[in-house]
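Let's take a friendly look at some aromatic rings, a charge that keeps them company, and the way two chains are arranged. Have the structure open as you read.

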Number of protein chains: 2
Amino acid sequence: MEQIDILGYFAGVLIVMSLLPQTVKSWRTKSTRDLSVWRYIIYVVGLILWIVYALLIDNGPVAIMNGIGLILATIILYLKIKYK
Amino acid sequence: MEQIDILGYFAGVLIVMSLLPQTVKSWRTKSTRDLSVWRYIIYVVGLILWIVYALLIDNGPVAIMNGIGLILATIILYLKIKYK
């Protein structure tokens, strides 16, 4: 893997992992009033399509990374709908 | 552009555009208590690196798309810090 690709993967990992503090915060506080439900509905759909795309172009790492993102985003969406 | 690439770009546009309802909501309600500040700090850093990566590999559309995402994420981060 070239150095330039490492930068891309590192950026991707940061972007996906940035969902983690939101998941933990929403889980702990049980308060999601300020979150936009549309933000997470559109995000989840986008991630599903992105994973399909990654699988079609045979890019396993991107599929896995966004699969983790999809799990986290789905949890946040669930918490948003549950706690309003 | 192949059909498969259109899927990738469409997914990317959805993912970036999903920030819009959150930006509008936070702007209108002036309430950002439930947003995780770390989510947006890590996200902004990740997007900046991702844009640098896209520029390095000469992928203009991805750089522009994530540039829009960076603007929206920075506005949300600003609103989060301003309104707590």
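What follows is a short walk through the aromatic pairs and then the symmetry.

Please keep in mind that this is a predicted model. Over all chains, the structure holds four aromatic pairs. A pair of aromatic rings is described by the distance of the centres and the angle of the planes. Two of the pairs are set out here.

| Pair | Distance of centres | Angle of planes | Kind |
|---|---|---|---|
| A:Y40 and A:Y43 | 6.4 Å | 85 degrees | edge-to-face |
| B:W50 and B:Y53 | 5.4 Å | 40 degrees | tilted |

Start with chain A. Both A:Y40 and A:Y43 belong to helix 3 (residues 37–56), where three residues, about one turn of the helix, lie between their positions. Are these two tyrosines buried or exposed? A:Y40 is buried, and A:Y43 is buried too. A:R39 joins them: its charged end sits over the ring of A:Y40, 5.1 Å from the centre, and also over the ring of A:Y43, 4.2 Å from that centre.

Now for chain B. B:W50 and B:Y53 are in helix 3 (residues 37–56) of this chain and are separated by about one helical turn, because they are three residues apart. B:Y53 is buried, its relative accessible area being 14%.

How do the chains relate? A turn of 180 degrees, with a shift of 0.0 Å along the axis, lays chain A on chain B with an RMSD of 0.0 Å. The two copies are therefore related as by a two-fold rotation axis. Within chain A, the C-alpha nearest this axis belongs to A:D34, at 2.6 Å. Both copies use the same surface, as 100% of the contact residues of chain A recur in chain B.

Methods. Residues numbered from 1 in each chain as written. Chains lettered and ligands numbered in written order. Predicted model: local features only at pLDDT ≥ 70, side-chain atom pairs only at ≥ 80, totals over all residues. Heavy atoms only, no water. Phe/Tyr/Trp six-rings, centres within 6.5 Å; stacked < 30°, edge-to-face > 60°. Helix = DSSP H or I, 4+ residues; strand = E, 2+ residues; numbered from the N terminus. Buried < 20%, exposed > 50% of the residue type's maximum accessible area, 1.4 Å probe, protein only. Lys NZ or Arg CZ within 6 Å of the ring centre and 35° of its normal. Least-squares fit on C-alpha atoms with pLDDT ≥ 70 in both. Contact = heavy atoms within 4.5 Å.
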